[in-house]
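The following exercises concern the fold of a protein chain and the packing of two of its helices. Please work through each task before reading its solution.

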Amino acid sequence: MNIESWIFYGVPIYLIVMGILVILTTKNLFKMLLGLSIMDSGINILIVALGYIRGATAPIYSLYPEIYEKVVDPVPQALVLTAIVIGIAFLGLGLALVIRIKEKYGTVNVEKLKELKW
């Protein structure tokens, strides 16, 4: 495995693992959301990296037909674009919920929230 493969696949996997570790090791709801966002970014980068073809071009209309001989698959990019929009909406909703929890209970610590009566 060369250095380019390590960058293409290692960085996203590192981000996914870091996101999972943040989610599992913290008790703060805000930090858990940040960990989830980091993991989401890593997954998106990994999907784009898997769809990459060396020397291929973007599948954009061109007047030169020889350009269509080697193009990348547009499906991963479309999926990632959709996932980014969904991820941002999810993050906004999650932040709104964390703010409401902080206003109502005065804390975002999961352990303290478990002790409260609902």
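**Exercise 1. Determine what share of the protein chain counts as buried, and how the chain is built and spread out.**

Solution. In this predicted model, 19% of the 118 residues of the protein chain count as buried. The secondary structure amounts to 4 helices and 0 strands, and the order along the sequence is α-α-α-α. The radius of gyration is 20 Å, well over the 13 Å that the globule rule gives for 118 residues, so the protein chain is more spread out than a compact globule. The C-alpha trace spans about 65 × 35 × 15 Å along its principal axes. Among contacts with a separation of 6 or more, 51% join residues 24 or more positions apart.

**Exercise 2. Describe how the axes of H1 and H2 are arranged.**

Solution. Two packed helices are described by the angle between their axes and the distance between the axes. Helix H1 covers residues 3–25 and helix H2 covers residues 29–50; their axes come within 7 Å and cross at roughly 160 degrees. Angles over 145 degrees count as roughly antiparallel, and therefore H1 is roughly antiparallel to H2. The crossing of H1 past H2 is left-handed.

**Exercise 3. Identify residues through which H1 meets H2, and classify the contact.**

Solution. On the H1 side, the residues include Phe8, Tyr9, Pro12, Leu15 and Gly19. On the H2 side, Lys31, Met32, Gly35, Gly42 and Leu50 are among them. By class, the contact has 17 nonpolar, 3 polar and 1 charged residues.

Definitions and conventions
Residues are numbered from 1 along each chain as its sequence is written. This is a predicted model: local features need pLDDT of at least 70, side-chain atom pairs count only at pLDDT 80 or more; totals for chains, interfaces and linings use all residues. Side-chain values use heavy atoms; hydrogens and water are left out. Axes are lines fitted to C-alpha atoms, for helices over the stretch in contact, and angles run from 0 to 180 degrees between N-to-C directions. Helices (H or I, at least four residues) and strands (E, at least two) are DSSP runs, numbered from the N terminus. Angles under 35 degrees count as roughly parallel, over 145 as roughly antiparallel, 65 to 115 as roughly perpendicular and the rest as oblique. A crossing is left-handed if the near helix is turned anticlockwise from the far one by less than a right angle, and right-handed if clockwise. Contact means heavy atoms within 4.5 Å. Ala, Val, Leu, Ile, Met, Phe, Trp, Tyr, Cys and Pro count as nonpolar, Asp, Glu, Lys and Arg as charged, and the others, Gly among them, as polar. The radius of gyration is taken over C-alpha atoms; the globule rule is 2.2 Å times the number of residues to the power 0.38. Buried means under 20% relative accessible area, exposed over 50%, partly exposed in between (1.4 Å probe, protein chains only).
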